[in-house]
Amino acid sequence: MKISSTNYFSYLFFLCLLLFVFVNSFEEQKNLKKSEFPDGFLFGTTTSAYQIEGGFLEDGKGLSNWDVFSHTKGRINNGDTGDIADDHYHRFQEDVELMHSIGLNSYRFSISWSRVLPRGRFGEVNLAGVTFYNKLIDSLLLKGITPFVTLNHHDHPHELEEKYGGWLNPVMQEEFLYFAQICFASFGDRVKYWTTINEPNMFAEMAYVRGVYPPARCSPPFGNCSAGNSDTEPLVAMHNMLLAHAKAAKLYREHFQPKHGGLIGIVVHSFMYKPLRNNDFDRDAANRAVLFTAAWVFDPLVHGDYPPEMRKYLLDALPRFTSDERKLIKDSIDFMGINHYGTLYAKDCIHSSCVCSNSSCIAGGDHPIHGYLITLAEKDGVSIGEPTGMSRFFVVPNGMEEIVDYMKKRYHNKPMFVTENGYASLNPTTAQADELQHDTKRVEFHKSYLASLARAIRKGADVRGYFIWSLMDNFEWTSGYELKFGLYYVDRATLDRVPKLSAKWYTDFLTNNSLNGEETGKLISFKYRTKSNHLSDK
Ligand code: BGC
């Protein structure tokens, strides 16, 4: 084939451009400094109560939905439970020391509802539970670490599930409000950052669409549960969670914020989506994918109602807010918490048929619940990014810049915190402890995502913090302990915490100011791997 000189020059130009982009992003990443982030920026790690605390029946704690679920045969990989987890309930002082040694200035954790109110409003406050969180908060403050507290991270008293049917029942709004009030009154003098609910969108999806989190309700084609309706129940559960949030935020703003001066927000699971094909249908699908996930939560809490596109496709299945409720929810967050783990392709299923052929795709493109689209990780046999241990999490660093940019535009640059970003080790079942500790891929992951975040901030996004999921390996929901996200490796026999290379890198970055310190400069760059044993398919 003969190449014309015009073609030849365009080709050369394209290659030079690619090289320029590559060298530029490498240089940018190499030179990125902690001091380039805004003053007062929070650099932290994050965990959640059920995933690390253990002590599941200690000192008056009641059973939670997860305690019961993880004890149900066949629910969790390996039959693992959070009974002991990382034993943080007994080792929290040691864990605060670890955080201090890394140089964190903030720590995001959640409060176990069933430790503070073992039976919800059916029983008393458990003072031992309150004491535990008081001690944790005081230890953090003593080390100069700002507590960033989530009230509800997937777990609630089991009794509320049994008696009310959990989040499907509007009474949960009042239960949550009561729990929030106890927490604001007990800890609010020292806690200045509150988030009400962690990822209501992910919880609604996992518990009521796919039925793999308690109460495990769903219908085909999403799963085979004994009861449930994947087309309607997630919408009802979300509606109750949003109103629960708004009631707690109102209480905080009226009764606690004036004297405590803190901020209140919510945390949302926020994937970025790219159109599978460069056409209007897939571009609309990529936009719908964000609307049916992150904007499902943020639109009501900022603008006062669900995205119009959701109403268009879900019709009356989508609950409606009364005009009083609209006033209550509108503008009910001081900041947005963004949990960002990856980017996927979106394919429209309205104008063409959709078939799922690999594990990164969830069937049901012909159902309205996800906006008549499917999400995929491959285009023409090429992966969107490097795979990780989690089947739908791929390494696509510029997705961070894009999602932050998207939020900035849609929500008038409301303050944001990246409340979670993390890397699940590949093939954790076969990897030896050594390999897990020499986690070069995790280091590269955080370096490239931080560089991408810095780009979004340079373009004007009001981002005020970045939290790594997670401080240490922990109970990864249905995957149990095999899937690992931690900066610290936790020996399951002794529960000793062992720093991985990523813990040393974060320390280096936070104390020496540069993304490529002594230790990390020696890293070998990692090779592309395509095969992995996926344990979970979030
Ligand atoms: C959740 C965490 C979870 C992490 C990794 C987030 O969606 O908030 O609880 O461990 O993802 O899967």
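Which residues lie nearest the centre of the second largest cavity, and how many residues line this cavity? The legends below take up this point along with the ligand and the other cavities. The model is predicted.

**Figure 1. Lining of the second largest cavity.** The lining is made of 13 residues. Nearest the centre of this cavity lie Tyr341, Glu420, Trp469, Trp477 and Lys538. The volume of the second largest cavity is about 90 Å³. By class, its lining splits into 5 nonpolar, 4 polar and 4 charged residues. The ligand sits in this second largest cavity.

**Figure 2. The shell around the ligand.** The ligand is surrounded by 14 residues. Gln51, His153, Glu199, Glu476 and Lys538 are the closest of them. Nonpolar residues number 5 in this shell, polar residues 5 and charged residues 4. Lys538 is thus named twice: among the residues closest to the ligand, and among those nearest the centre of the second largest cavity.

**Figure 3. Polar side-chain atoms facing ligand oxygens.** Three residues are shown here, each with a polar side-chain atom and an oxygen atom of the ligand. For histidine 153, the two atoms lie 2.8 Å apart. For glutamate 420, the separation is 2.9 Å. For asparagine 198, it is 3.0 Å. On its own, the ligand has 310 Å² of accessible area, and the protein covers 100% of it. Glutamate 420 also appears in Figure 1, as one of the residues nearest the centre of the second largest cavity.

**Figure 4. The largest cavity.** Searching the whole structure gives 4 cavities of 30 Å³ or more. The largest of these holds about 400 Å³ of space. Its lining counts 23 residues. Closest to the centre are Glu205, Tyr273, Thr293, His370 and Arg392. The ligand is not drawn from this view; it sits in the second largest cavity.

**Figure 5. Elements and residue classes in the lining of the largest cavity.** Two elements each supply two or more residues to this lining: helix α9 (200-209) and strand β9 (373-376). The top contributor is α9, with 4 residues. Sorted by class, the lining of the largest cavity holds 14 nonpolar residues, 5 polar and 4 charged. For the second largest cavity, the matching counts are 5 nonpolar, 4 polar and 4 charged.

Definitions and conventions: Residues are numbered from 1 along each chain as its sequence is written. This is a predicted model: local features need pLDDT of at least 70, side-chain atom pairs count only at pLDDT 80 or more; totals for chains, interfaces and linings use all residues. Side-chain values use heavy atoms; hydrogens and water are left out. A residue is near a molecule or strand if one of its heavy atoms lies within 4 Å of it. A polar contact is a pair of N or O atoms within 3.5 Å; within protein, one must be able to donate a hydrogen and the other to accept it, and residues adjacent in sequence count only if both atoms are side-chain atoms. Accessible areas come from the Shrake-Rupley method with a 1.4 Å probe; for residues, only the protein chains shown count as cover. On a 1 Å grid over the protein atoms alone, a cavity is a set of points where a 1.4 Å probe fits but cannot get out, and a pocket is an open set with protein on both sides within 12 Å along at least five of seven lines; lining residues have an atom within 4 Å of a point. A molecule sits in a cavity or pocket if more than half of its atoms lie within 2 Å of its grid points. Ala, Val, Leu, Ile, Met, Phe, Trp, Tyr, Cys and Pro count as nonpolar, Asp, Glu, Lys and Arg as charged, and the others, Gly among them, as polar. Grid points are joined across faces, edges and corners, and a volume is the space filled by probe spheres set on the points.
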